[in-house]
Amino acid sequence: MSILIKGGMVVTQNLDRKIMDADIYIDENFITEINRNISVEADHVIDARNRIVMPGLINTHTHVGMSMFRGAVEDMQLDRFLEKTFKLDAQRTEEDIYYSSLLSMAEMIRTGTTSFLDLYYDEHIVARAVEKSGMRGFLSWVTLDREFTTQKGEPLKNAEEFISSHRGKERVVPSIGFQGVYVCSDETLLKGKEIAERYGVIEHMHLSETRKEVYDYLKKKNKRPVEHLKEINFLSNNLVAAHTVWLTVREIDYLGQSGVSVSHNPVSNMKLGTGGAAPVPEMMKRNVNVTLGTDSSVTNNNLDMFDVMKTAGLMHKNDRWDASVLPSQSILDFATINAAKALKVSSLLGSIEEGKLADIIILDPFPSGIPLKKENIVANIVYALKGLNVTHTIVDGRILMSSGVIRSFDVGEVLSFMEKI
Ligand SMILES: [Zn+2]
């Protein structure tokens, strides 16, 4: 299949962050030409005049199987929140997880996310939903010590089985996850790391999300979590650490030196009353690769990455009493090329360039951000636009949504399942 996108303003996110008026030709899965006035026959021609064409957003921390609990666990601190969600989770059927995942994917496709990094058990069910939806799913099977888990069988074994049975698929990329240091012994962490290295996959974990988590750990181990993880040689450029709110400057240095990527989740953190703000400006100065995530729709309560980009900017400018921190361009980088780097796919995703995979979104900026001007388009993407401005979502050269309507699967089927429960 071929697609020709005509006449849009293209925010490439390439090395020069070039913004250009150009057509884009997609042949099968790849972007093959970016140029003015491409005249070639294509199976689909999309008129993008007065529209923004940009790389699909990449959400680096989700739990897509939980969307059926949206609004069900409110106004609680993280420890009580986890207690209640673990209980709800334990009662669920395979169908519940499948349709919850599809519901999350409908929301992500509708709001311009093309790839996501998930952390959950039962990722084989999420993988089925990824196949159905047409999205790109980076799926981390979560592990933890056996005495804390509600998953059937041995978590590390389950993760390894999931990775070995899902390797080599096109849009499903398996990896290993860890719930957090509060339920993972050193043995679990290091065995998991060994599995990741053996299969060449990434690692994904919650880390230093709340002050309580850090101080409980200090009491137990006499070390802060990141200090300890460095000491046991767990940190590496294979790791995507979600939250990382409560860090010292020394810990940020350790993350930067080890090449760890972080997933900053400002909406979820504020909603759970985490307090303070993750030290993102310091992370940027110390070479930590910063990306953005929504977290689950239970703590967010949506999966709209445009909301997350805007909130990130607002949070840090206000926290530092300084409007110059976190420029819009950096925030857009977090949600595109930095995320691709964290997932080890920067040669394929994260920007619109010839030879890269065709994961592209198109936005109608009306009424926000009109008129389109190159000099302010990035700020308007971050602060003026919403996920609902997205009209087209293309993943792997396939149109999953056009004119605001999801075409890749029957959303009605998902909604009627949700009505029954
Ligand atoms: Zn999470």
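**Chatting through a two-domain model**

Student: How much of this protein counts as buried?
Tutor: In this predicted model, 54% of the 421 residues count as buried.

Student: And what's the secondary structure made up of?
Tutor: You'll find 15 helices and 17 strands in the protein.

Student: How does the radius of gyration sit against the globule rule?
Tutor: The radius of gyration is 21 Å, and the globule rule gives 22 Å for 421 residues; the two are close, so the protein is as compact as a globular protein of that length.

Student: Nice. What does the C-alpha trace span along its principal axes?
Tutor: About 65 × 50 × 40 Å.

Student: New topic: where are the domains?
Tutor: Domain 1 is made of two segments, 2-56 and 352-406, while domain 2 covers 57-342. Their C-alpha centres are 28 Å apart.

Student: How many residues are in contact between them?
Tutor: On the domain 1 side 23 residues take part, and they are in contact with 25 residues of domain 2.

Student: Which elements give two or more residues to that side of domain 1?
Tutor: Helix 14 (377-383), strand 15 (390-395) and strand 16 (398-402). Helix 14 gives the most, with five residues.

Student: What's the chemistry of that side, then?
Tutor: The residues of domain 1 that face domain 2 there divide into 14 nonpolar, five charged and four polar.

Student: Last one, back to the whole protein: what share of contacts joins residues at least 24 apart?
Tutor: That share is 73%, counted among contacts between residues at least 6 apart in sequence.

How values were computed. Residues are numbered from 1 along each chain as its sequence is written. This is a predicted model: local features need pLDDT of at least 70, side-chain atom pairs count only at pLDDT 80 or more; totals for chains, interfaces and linings use all residues. Helices (H or I, at least four residues) and strands (E, at least two) are DSSP runs, numbered from the N terminus. The radius of gyration is taken over C-alpha atoms; the globule rule is 2.2 Å times the number of residues to the power 0.38. A residue is buried if 20 or more other C-beta atoms lie within 10 Å of its own, exposed if 12 or fewer, and partly exposed in between; C-beta atoms are placed from the backbone. Two residues are in contact if their C-beta atoms, placed from the backbone, lie within 7 Å. Domain bounds come from an automatic or database domain assignment. Ala, Val, Leu, Ile, Met, Phe, Trp, Tyr, Cys and Pro count as nonpolar, Asp, Glu, Lys and Arg as charged, and the others, Gly among them, as polar.
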